[in-house]
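The following exercises concern the fold of a single protein chain. Please work through each task before reading its solution.

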Amino acid sequence: MQVISLDGRLSDINGCFTADQMPVISDNFKKHFQWRGRGTMPASEKKRIQMLAEQAHRQGKKLRFWAIPDNPNGWKALLEAGVDLINTDNLTGFRKFLTTKRAVSF
């Protein structure tokens, strides 16, 4: 019976830990991306997030960022790019976002 697991960073995405040992790849969004939630996410950054999500998913892991653009535009872009877990301090706003028609397409 496993009683602990590790929270990996982007640098661990192709590491030697199994999904049981490291089920989530989690990192600081602002450390790796320039987009701050205004306007459309640059295609190059969205593609990079999609590639990271695909890598994590191939390993049976989930992808999460903290310090994200914590607004509907940011949440939508991250969900569209394949991020599994949304870190937010705006729980009421995020709940409202998820229950609107804008979020149904995810």
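**Exercise 1.** Determine what share of the contacts with a separation of 6 or more joins residues 24 or more positions apart.

*Solution.* The model is a predicted one. Contacts are counted for heavy atoms within 4.5 Å. Among those in the protein chain with a separation of 6 or more, 46% link residues 24 or more positions apart.

**Exercise 2.** Establish whether the radius of gyration agrees or disagrees with that of a compact globule.

*Solution.* Step one: for 106 residues, the globule rule gives a value near 13 Å. Step two: the protein chain has 14 Å, which agrees with that expectation. Step three: along the principal axes, the C-alpha atoms occupy a box of roughly 40 × 30 × 25 Å. Step four: with buried taken as under 20% relative accessible area, 35% of the 106 residues qualify.

**Exercise 3.** Describe the order of the elements and the arrangement of the strands.

*Solution.* Step one: the protein chain holds five helices and four strands, which follow one another from the N terminus as β-β-α-α-β-α-β-α-α. Step two: the four strands make an open sheet, ordered β1-β2-β3-β4, with parallel pairing. Step three: β1 (7-8) and β4 (85-86) each have a single partner strand, so one side of each lacks a neighbour in the sheet. Step four: β3 (residues 62-66) runs parallel to β4 and is joined to it by two bridges; Arg64 has Leu85 of β4 as its bridge partner.

**Exercise 4.** State how far apart the mean positions of the positive and negative charges lie.

*Solution.* The protein chain carries 17 positive and 10 negative charges, and their mean positions are separated by 7 Å. As for its surface, about 6,700 Å² is exposed, with 52% supplied by carbon and sulfur atoms.

Note on methods. Residues are numbered from 1 along each chain as its sequence is written. This is a predicted model: local features need pLDDT of at least 70, side-chain atom pairs count only at pLDDT 80 or more; totals for chains, interfaces and linings use all residues. Side-chain values use heavy atoms; hydrogens and water are left out. Two strands pair if DSSP finds at least two bridges between them. The radius of gyration is taken over C-alpha atoms; the globule rule is 2.2 Å times the number of residues to the power 0.38. Buried means under 20% relative accessible area, exposed over 50%, partly exposed in between (1.4 Å probe, protein chains only). Accessible areas come from the Shrake-Rupley method with a 1.4 Å probe; for residues, only the protein chains shown count as cover. Lys and Arg count as positive and Asp and Glu as negative; His and the chain ends are not counted. The place of a charge is taken as NZ of Lys, CZ of Arg, CG of Asp or CD of Glu.
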